[in-house]
Amino acid sequence: MSITFHDQATYGFEAVSESVAETIRWCIEQGLCFVAEKEEAVVGFIMGVASPVLVDHSLKICAEIAWYVKPENRKSSAGMRLLSALEQGAKDIGCTQLSMGCTEGVDPDGVVSIYEKLGYRPIERTYLRSI
């Protein structure tokens, strides 16, 4: 499912299965990897990584690195349950901030609407170019 997310996000480079597995392990070790299930099948996931804030190491931030729900389950509560789990997981390990991204390939307007309703505010735009 991580590879499907990557492909739909239109990053423009191939996903490497071994790297995906290593990243998932890393997020699990930090307590920041969650899945949504429906009838015993995984329908979505969210992962984050935590680090000190650049300008104040007494603060810790969690950055979401992937949030994906299968298209047929996007109108369900799965996505919101995943986001809530990541927020709580980040709090549980001492994070005071959660940074969420929005990929252009997976309904950016819908995702931005969710963020705004939940009180997230835009703080940056990210652009990617192969070099």
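**Strand pairing, ring pairs and local features of the predicted model**

Strands β3 and β4 (residues 97–99) pair in the parallel sense, over three bridges. Two strands are taken to pair if DSSP finds at least two bridges between them; helices (H or I, at least four residues) and strands (E, at least two) are DSSP runs, numbered from the N terminus. The model is predicted, so local features need pLDDT of at least 70 and side-chain atom pairs count only at pLDDT 80 or more, whereas totals for chains, interfaces and linings use all residues. Residues are numbered from 1 along each chain as its sequence is written, and side-chain values use heavy atoms, with hydrogens and water left out.

Within the parallel pairing of β3 and β4, Ala-63 has Ser-99 of β4 as its bridge partner. The path of the chain from β3 through α3 to β4 is a right-handed β-α-β crossover; right-handed here means that, with the strands pointing away from the viewer, the path from the first strand over the helix to the second runs clockwise. Strand β3 also pairs with β2 (residues 41–53), in this case antiparallel and over ten bridges. The connection from β2 to β3 is a hairpin of two residues. In this antiparallel pairing, Phe-45 is placed opposite Tyr-68 of β3.

Aromatic rings were examined next. A pair of aromatic rings is described by the distance of the centres and the angle of the planes. Rings of Phe, Tyr and Trp (its six-membered ring) were paired if their centres lie within 6.5 Å, with planes under 30 degrees apart counted as stacked, over 60 as edge-to-face and the rest as tilted. Three aromatic pairs result from this rule. One of them is the stacked pair of Trp-67 and Tyr-115, with 6.0 Å from centre to centre and 25 degrees between the planes. Because Trp-67 belongs to strand β3 (residues 56–69) and Tyr-115 to helix α4 (residues 108–117), this pair ties together parts that are 48 residues apart in sequence. Tyr-115 also pairs with Tyr-120: the ring centres are 5.5 Å apart and the planes are at 50 degrees, so this pair is tilted. Trp-67, Tyr-115 and Tyr-120 are thereby linked by ring pairs into a cluster.

Accessibility was assigned to three classes: buried (under 20% relative accessible area), exposed (over 50%) and partly exposed in between, with a 1.4 Å probe and protein chains only. Trp-67 is buried, at 15% relative accessibility. Tyr-115 is likewise buried, at 8%, and Tyr-120 is buried at 18%.

A disulfide is a covalent bond between the sulfur atoms of two cysteines. The criterion applied was a pair of cysteine sulfur atoms within 2.5 Å. The search of the whole structure returned zero disulfides. Cys-27 takes part in no disulfide, its nearest cysteine sulfur being that of Cys-33 at 5.9 Å. Cys-27 is buried, with 0% relative accessibility. Cys-95 is also in no disulfide; the nearest cysteine sulfur belongs to Cys-62 and is 5.1 Å away. Cys-95 counts as buried at 9% relative accessibility.

Two buried positions were followed through their contacts, which are defined by heavy atoms within 4.5 Å. Gly-79 is located in helix α3 (residues 78–92) and is buried at 12% relative accessibility. With neighbours within four places in sequence set aside, Gly-79 contacts Trp-67 and Val-69. The C-alpha atoms of Gly-79 and Tyr-68 are 7.6 Å apart, and the two residues are separated by eleven residues in sequence. Asn-73 is in the loop between β3 and α3. This residue is buried, with 7% relative accessible area. Beyond the neighbours within four places in sequence, Asn-73 is in contact with Lys-38, Val-43 and Ala-78.

The loop between β1 (33–38) and β2 contains Glu-39, and Glu-40 is also placed between β1 and β2. Glu-39 has a positive phi of about 50 degrees although it is not a glycine. For Glu-40, likewise a residue other than glycine, phi is positive and near 65 degrees. Glu-39 is exposed, with 74% relative accessible area, and Glu-40 is exposed at 81%.
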